[in-house]
Amino acid sequence: PGVRSKRERHMTTGFDSTQFQMIGCCKIDLDQSVLDQIRPVVETEQWAEVLSEGVRLAVWSNKVTLNPPRYKVLLDHLDELTEQIFGRGYQRHMLSMWNGSEQLDWHNHVDDRELKQFHWIVYLGSDTWCEQAGGLLQVKNAMMDDVLTFEPTFGTAVLLNNTHPAFLHKVTPFTPVRTRIIFQVGYEYIG
């Protein structure tokens, strides 16, 4: 009693295991109450270090901080979704948040020591997006023709699979006419 099958767990999160295994990503529906609690936190975020032209890092964001109290509700939700999808044994390994975007060509994170097996990208910027603004996340399997495109609108959560070199993603050139805020969390299996 109380134990749900893997299929039932996936259905509750919107997780598409075929898409995750074949293309390397899946869009996940986050709980609206979590997003409602996070919106005012994001609106008062302080931005500091400039990573590159047009990209600023949140003041608290660094490789040491994995539990910023302001984002506890979102992190707890991502931890819960991770456990629902993959089971127990995964922990946060990396966390960062930045405002802005730079164009990134097709790449993967197979050898990335920070992002490990998979990572979440949660967009916390504008509610609407126009394709002309760019900054779109595109994901593909290098052995297939399909390309999935995700607009960086508030509440969009994409789970990226970093386990296979054919799973690639890129970011299209960005024109800062909208706010593009990214909350990124990498997980690793610890057993």
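The legends below describe three close-up views of a predicted model.

**View 1. Strand 10 and its two antiparallel partners, strand 5 and strand 7.** Strand 10 spans residues 167–171, and because 4 of its 5 residues are buried, the strand is largely enclosed by the rest of the structure. Strand 5, formed by residues 104–107, pairs with strand 10 in the antiparallel sense over 2 bridges, and in this pairing L104 has V171 of strand 10 as its bridge partner. Strand 7, formed by residues 137–141, also runs antiparallel to strand 10, with 5 bridges between them; here L137 stands opposite V171. V171 of strand 10 is thus the residue that faces both L104 and L137.

**View 2. A nonpolar surface patch that includes M143.** Three methionines, M22, M143 and M144, make up this patch, whose area is about 310 Å². M143 belongs to the loop that connects strand 7 with strand 8, the latter covering residues 147–150. With a relative accessible area of 64%, M143 counts as exposed, since the cut-off for that class is over 50%.

**View 3. The surroundings of T82 in helix 4.** Helix 4 comprises residues 72–86 and holds T82, which is buried, its relative accessible area being 2%. A polar atom of the T82 side chain lies 2.8 Å from the backbone oxygen of L78. When residues up to four places away in sequence are left aside, T82 touches G87, Y90, F118, W120 and Y187.

Technical notes:
Residues numbered from 1 in each chain as written. Predicted model: local features only at pLDDT ≥ 70, side-chain atom pairs only at ≥ 80, totals over all residues. Heavy atoms only, no water. Buried < 20%, exposed > 50% of the residue type's maximum accessible area, 1.4 Å probe, protein only. Pairing = 2+ DSSP bridges. Patch = residues over 30% accessible without salt bridge, like charges linked within 9 Å, V, L, I, M, F, W, Y side chains within 5 Å. Areas by Shrake-Rupley, 256 points an atom, 1.4 Å probe, with all protein chains shown as cover. Salt bridge = Lys/Arg side-chain N within 4 Å of Asp/Glu carboxyl O. Polar contact = N/O pair within 3.5 Å; in protein donor to acceptor, adjacent residues only side chain to side chain. Contact = heavy atoms within 4.5 Å.
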